[in-house]
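Subject: Handing over the structure

Hi,

Here is the structure I promised to pass on to you. Could you load it next to this email, so that you can follow the notes as you read?

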Amino acid sequence: MKLNNLIEVETLSIVVVGDINPTIIQPFWLFSKKLIREEEASNASIEIIHNEIVKWELDWVSLEITKNRCQLKTNKKPYFDLTRDLAASIFKILKETPLHSLGINHIYDLSLQNKEQYYKFGNSLSPLNNWDDSLNDPRLLQLEIIENERKDNYRGKYRIRVSPADKNISFGVSININDHYVFQNENSNNGMGIIQILETKWEYSFQRSEKIVNNLLEKIL
Amino acid sequence: MDDDTLLRNHWALDNNIENTIKAPDDNNNELVYKTLISKLEKWQELNNENLNIPKCLRNSLSNQTDEPLHLKLPYFNKINSTNKNTYFKKTQNWIGYVEAINDQGFTAKLVDKSNSGTYEIAQFNFDEISKSDMELISKGAIFYWSVGFENKNGQIEKVSLIRFKRSIDFTENDIDNISDKASEYAKNLNWQ
């Protein structure tokens, strides 16, 4: 599979949108619920604890929480399932928190082989000869494709964004897939809905995103 | 409410804090100011110094003009994630289920995540388990085992990693609710 040959970094992020109290979700609170180890809580790297924003990280996951958004992120594949467990458990405990939507973000940072392949990638996604008359040496910078109605009968969207990857990756392309679910009753308790999706749609979310990226690479490269 | 669940990479604290701050133009910038004030106050307290934080920065951020504010700030490093340059490549991942425990370790059934139709039986020694996870070992306990290559700031290391699953169990109330919901769905099924 082309994805396995070209992937440099795979990042996962789980984003929950709702009415959240950021100051609850701190390292020692998670330890008190036995969701992380004591030494992890003690050694957590805390950026800020503020009533509007809490940002801290462990060795394997970083958390950013504001009043309407909780984001967990990791780029360490062995910890993807653990990140899911952590997110699901947080919202099992905070089951009275009104929640609105859930996003499972799959970010694939690929390293293409050379500058010709890099150019071909952008040119295939969006034919650059359309711009030759108006621009000098046009290049694709960012592309976004959206599936407005999910095909699995859940409310939400499926969004794919293609952009250059981090500077550290040579001929790097980042494909960011946002698997977005909206809950039926906005502003009501949807903790169980989130947990249900995280538990039952988790593997499917990965399979679908990998298939999309592989199909794209097979067609283009 | 904005229900966007895209990953936000460029958070307020990901940027270098410079001596010139422009007027806020969106919610993220407003949070930059609030977090900056928090950091400045903490710095003042630790260093017993008065930075003369402008009032306009504390109050009514929306009253800011477009003119940039020049401040004399101590040097704050960009908040560098310790993990930014550490990631895994080419991992093989299994989910393990503890089947039996003995004095030396335990036996587990391993399901290959990339090929879930098959499973293997393997033995693990307690030496391979982190001390903090020892209390989680019990018959039926779930763990994650990954073998792969970790890139740590350019240095590649071969890694074998075992971590036991930590999660909150459903309460009896939760199970009752799920069961009620399942019954409701079942009533609405049209069998043909």
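Below are my notes on confidence, the two sheets, the helix packing and a couple of backbone angles.

**Confidence**

Please keep in mind that this is a predicted model. Its scores are ipTM 0.90 and pTM 0.83. For chain A the mean pLDDT is 91, with 97% of the residues at 70 or more. Within that chain, β2(A) has the lowest confidence, with a mean of 84, while helix α2 (residues 27-32) of chain A has the highest, at 96.

Chain B has a mean pLDDT of 76, and 62% of its residues reach 70 or more. Among its elements, strand β1 (residues 20-21) of chain B sits lowest with a mean of 52, and strand β4 (residues 105-112) of chain B sits highest with 96. Where pLDDT is low, the predicted coordinates should not be read in detail.

**The sheet in chain A**

Chain A holds an open sheet of nine strands, and its pairing is antiparallel. Reading across, the order is β2-β3-β4-β5-β1-β6-β9-β8-β7. At the edges you will find β2 (45-49) and β7 (143-147) of chain A, each of them paired on one side only. From one strand to the next, the twist averages 10°.

For a detail inside this sheet, take strand β4 (residues 62-66) and strand β5 (residues 69-74) of chain A, which are joined by five bridges in the antiparallel sense. Thr66(A) has Arg69(A) in β5(A) as its bridge partner.

Two helices lie against these strands. Helix α5 (residues 115-125) of chain A packs on the sheet and touches β7, β8 (156-164) and β9 (172-182) of chain A; the direction of α5(A) makes about 40° with that of β9(A). Helix α7(A) lies across β1 (7-18), β6 (99-111), β7, β8 and β9 of chain A, and runs at about 40° to β6(A).

**The sheet in chain B, and a helix from chain A**

Chain B has an open sheet of five strands, also with antiparallel pairing, in the order β5-β4-β3-β6-β7. The edge strands here are β5 (119-125) and β7 (155-164) of chain B, which pair on one side only. The twist averages 30° from one strand to the next.

Strand β6 (residues 142-152) of chain B pairs with β7(B) over 10 bridges, in the antiparallel sense. Trp145(B) has Ile162(B) in β7(B) as its bridge partner. Which helix packs on this sheet? It is α4(A), which touches β3 (86-101), β6 and β7 of chain B, with its direction at about 125° to that of β6(B).

**Helix against helix**

The same α4(A) also meets helices of its own chain. Helix α4 (residues 80-93) and helix α7 (residues 202-220) of chain A pack at an angle of about 135°, and their axes are 12 Å apart. The pair α4(A) and α7(A) is therefore oblique, and the crossing is right-handed. On the α4(A) side the contact uses Phe80(A), Asp81(A) and Arg84(A), and on the α7(A) side Trp202(A), Glu203(A) and Phe206(A). By class, this contact of α4(A) with α7(A) has three nonpolar residues, no polar ones and three charged ones.

With helix α6 (residues 191-200) of chain A, α4(A) packs at about 160°, with the axes 9 Å apart. These two helices, α4(A) and α6(A), are therefore roughly antiparallel, and their crossing is left-handed. Arg84(A), Ala87(A), Ala88(A), Phe91(A) and Lys92(A) of α4(A) meet Gly191(A), Ile195(A), Leu198(A) and Glu199(A) of α6(A). The residues of this contact are five nonpolar, one polar and three charged.

The axes of α5(A) and α7(A) come within 10 Å and cross at roughly 105°, so α5(A) and α7(A) are roughly perpendicular. Lys120(A), Phe121(A), Ser124(A) and Leu125(A) of α5(A) make this contact with Leu216(A), Leu217(A) and Ile220(A) of α7(A). Here the classes are five nonpolar, one polar and one charged.

**Two backbone angles**

Two residues other than glycine have a positive phi. For Lys34(A), phi is near 60°; this residue is in the loop between α2 and α3 (38-42) of chain A. For Asn153(A), phi is about 70°, and its place is the loop between β7 and β8 of chain A.

Happy reading!

Methods. Residues are numbered from 1 along each chain as its sequence is written. Chains are lettered from A and ligands numbered from 1 in the order in which they are written. This is a predicted model: local features need pLDDT of at least 70, side-chain atom pairs count only at pLDDT 80 or more; totals for chains, interfaces and linings use all residues. Side-chain values use heavy atoms; hydrogens and water are left out. Axes are lines fitted to C-alpha atoms, for helices over the stretch in contact, and angles run from 0 to 180 degrees between N-to-C directions. Helices (H or I, at least four residues) and strands (E, at least two) are DSSP runs, numbered from the N terminus. Angles under 35 degrees count as roughly parallel, over 145 as roughly antiparallel, 65 to 115 as roughly perpendicular and the rest as oblique. A crossing is left-handed if the near helix is turned anticlockwise from the far one by less than a right angle, and right-handed if clockwise. Contact means heavy atoms within 4.5 Å. Ala, Val, Leu, Ile, Met, Phe, Trp, Tyr, Cys and Pro count as nonpolar, Asp, Glu, Lys and Arg as charged, and the others, Gly among them, as polar. Two strands pair if DSSP finds at least two bridges between them. pLDDT is the predictor's confidence in each residue, from 0 to 100.
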